[in-house]
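Please open the model in your viewer and keep the sequence panel visible beside it, since each stop of this tour begins with a selection.

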Amino acid sequence: MTATGNGLHVLLIEDNPGDARLIREMFRDAEELTRRIDPDDEDAEPPTVDHETRLEDGLAAAAERPVDVILLDLNLPDSAGLETLATVDERIEETPIVVLTGVSDQLTGIEAIERGAQDYLVKDEVTSALLVRSIHHAIERSHQQRERARRREELASLNRLNRIGQEIAHAVITTDTREALEQAVCDRLAAADAYRFAWIGAVSRGGQQVIPRVAAGVEEGYLDEITITIDDSATAKGPTGQAVDSGEVHVVDDVFEDPDFEPWREAAETRGYRSTAAIPVAHEELLYGVLNVYAPEAGSFGEREREVLGRMGDVVGHAIAALERKAALVSDEALELEFQVDGFASPLVELTAGEEAEIRFDRLIRSEEALLIYGAVEGVGPDEFRATAEEFGLVEDVRVLSPGSEAYDVELRADREIPLFESIATHGGRVTSARMADGELRIVVELPRRGNTGAVIESVEDVCEDASYVAQRTVEREDARVPDQATLEAKLTEKQREALETAVYAGYFDWPRQTTGEEVAERLGIAPATFTQHLRAAEDKIFDAMLAERGEGAEDEPTAR
């Protein structure tokens, strides 16, 4: 294949007009040379010959457009001898050079080959057939040399990555925390000569921005200056955003040529990197973050290197999952999964398309009679919110719990099952919050520490085809003074828990009281006396647990002197 893909281009640097004219004549009937170089070229034409008489003019011509081969006279008006070859070889990389010599300069021609030329031709002895054969062999040898060099570089790169992989595998075995593991990965990659720096980021909670977690080799301020998102903006089209979206390794071979890298090009020039790779850190469809690696040279991440880095991301993701499972066994932790859901509750979501508008649902309480949803609304008038919520269809009743035209608390009652929530509950999960802002809906699902995350993700995507999994987090529920949630929930009956939660989020304990006991009982479908009985029983159990916990831990508390 030729350098331009459009015929064979020859650069002749020769100051003797007669020799130049003779070589041009030889090329006129040399369609065979083009067919030899590019067998796929069905319309082979004679090579195109650009002629220059001075070295600097020849170098300028080669810089303007690619050439396939250079025919070089060593003795020119502005350069002489092997110094001419050295200059061309240094300034025009990877282009094969055939040296033109006189009869008395054959030893120089041989030395030229030793110094990088592919061949030499004696001007008085050259024929058209010899010229064709010499150029063909020069181009082929140059291609083979470049291919061998490429393979050597690829092998060295793979050996380097394998060593890094072994050290990361050691870190996987020896580190006890996710942060320590992620830091070890970045440290080892940044220490490699082939890379400039590395960092790992994760999708922010409730947002669409990738936030750095750990880094190594990064100049101070860089990660604060850049913005990377996973929305539809320009800052989501880079390698990190695409890696999050596709779940696959994404590479930019040259940050100065890739149009999608425009938002970070100035930062790249300042920090001296030319190529970058973004590697998803994931396990079993759960994305823990994205590993970003930067290199000073363009094209630093070949196909096989991408495969190795991809496997590295899988190993680290598996290790993080194992660390979190281990942590779950020794601490009171829950797992949170975050989803972006399109096409669900659209009328309500559309209310938040304007600036400063937000709808949050912070508590969902399921009883035998209904689903009660408590939250807050900002930037949407109460009448408009109430009308739109009722238009939603699944909501039977809407109450504004606190006064205010711009920000207020609300209660929604749904007498029918909501398929999305029921599907999640089937797999042991529950929706703990939902946030509507900027015309988008995000929901957070909480699972037991040993919950089946894959089944929950699949169930959400089955019910809402346009739902997409965004992030996973673990939530610590330990408190040194208050019994953990698991302990409290084990003490309460289901009826007591429903009564207590509904009372809290309906504003029963607020002052002034937002909801009366009769109203809470009505929403739960029970008699006021029954509500009071459940509530008092729950309060007794909670206070008993708190006092017991404090009593048991009294020996560990500091003593006042």
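The tour below goes from confidence to the two sheets and then to the largest pocket.

Begin by colouring the chain by pLDDT, bearing in mind that this is a predicted model. The protein chain averages a pLDDT of 82, and 86% of the residues score at least 70. Select residues 478-482, where pLDDT stays under 50 and the model has four contacts beyond four places in sequence, and then residues 549-561, where pLDDT also stays under 50 and the model has two such contacts. Where pLDDT is low, the predicted coordinates should not be read in detail.

Next, select strands β1 to β5, which form an open sheet with parallel pairing in the order β2-β1-β3-β4-β5. At its edges stand β2 (48-52) and β5 (119-122), each with a single partner strand, so one side of each is left without a neighbour in the sheet. Averaged over neighbouring strands, and with direction ignored, the turn of one against the other is 20 degrees. Zoom in on β4 (residues 97-101) and β5, which run parallel and are joined by four bridges; here valine 99 has tyrosine 120 of β5 as its bridge partner. Now add helix α3 (residues 55-64), which lies across β1 (9-13) and β2 and runs at about 165 degrees to β1. Helix α4 (residues 82-91) packs on the sheet as well, touching β3 (69-73) and β4, with its direction at about 155 degrees to that of β3.

Move on to the open sheet of five strands whose order is β7-β6-β10-β9-β8, with antiparallel pairing. Its edge strands, β7 (210-216) and β8 (250-252), each pair on one side only, and the twist from one strand to the next averages 20 degrees. Between β9 and β10, which run antiparallel, you can trace nine bridges, and isoleucine 279 finds its bridge partner in leucine 291 of β10. Helix α7 (residues 178-191) packs on this sheet, where it touches β6 (197-203), β7 and β10, and its direction makes about 60 degrees with that of β7.

Finally, which residues should be selected to find the centre of the largest pocket? The pocket holds about 800 Å³ of space, and of the 36 residues that line it, Val244, Asp245, Ser246, Ser468 and Tyr469 are the closest to its centre. Elements that give two or more residues to the lining include α9 (239-246), β9 (275-283), β10 (286-295) and β18 (468-476), and the largest share, five residues, comes from α9. Colouring the lining by residue class shows 13 nonpolar, 10 polar and 13 charged residues.

Terms used
Residues numbered from 1 in each chain as written. Predicted model: local features only at pLDDT ≥ 70, side-chain atom pairs only at ≥ 80, totals over all residues. Heavy atoms only, no water. pLDDT = per-residue confidence, 0-100. Contact = heavy atoms within 4.5 Å. 1 Å grid on protein atoms, 1.4 Å probe; cavity = no way out; pocket = protein on both sides within 12 Å on 5 of 7 lines; lining within 4 Å. Points joined across faces, edges and corners; volume = space filled by probe spheres on them. Nonpolar A, V, L, I, M, F, W, Y, C, P; charged D, E, K, R; others polar. Pairing = 2+ DSSP bridges. Axes fitted to C-alpha atoms, helices over the stretch in contact; angles between N-to-C directions.
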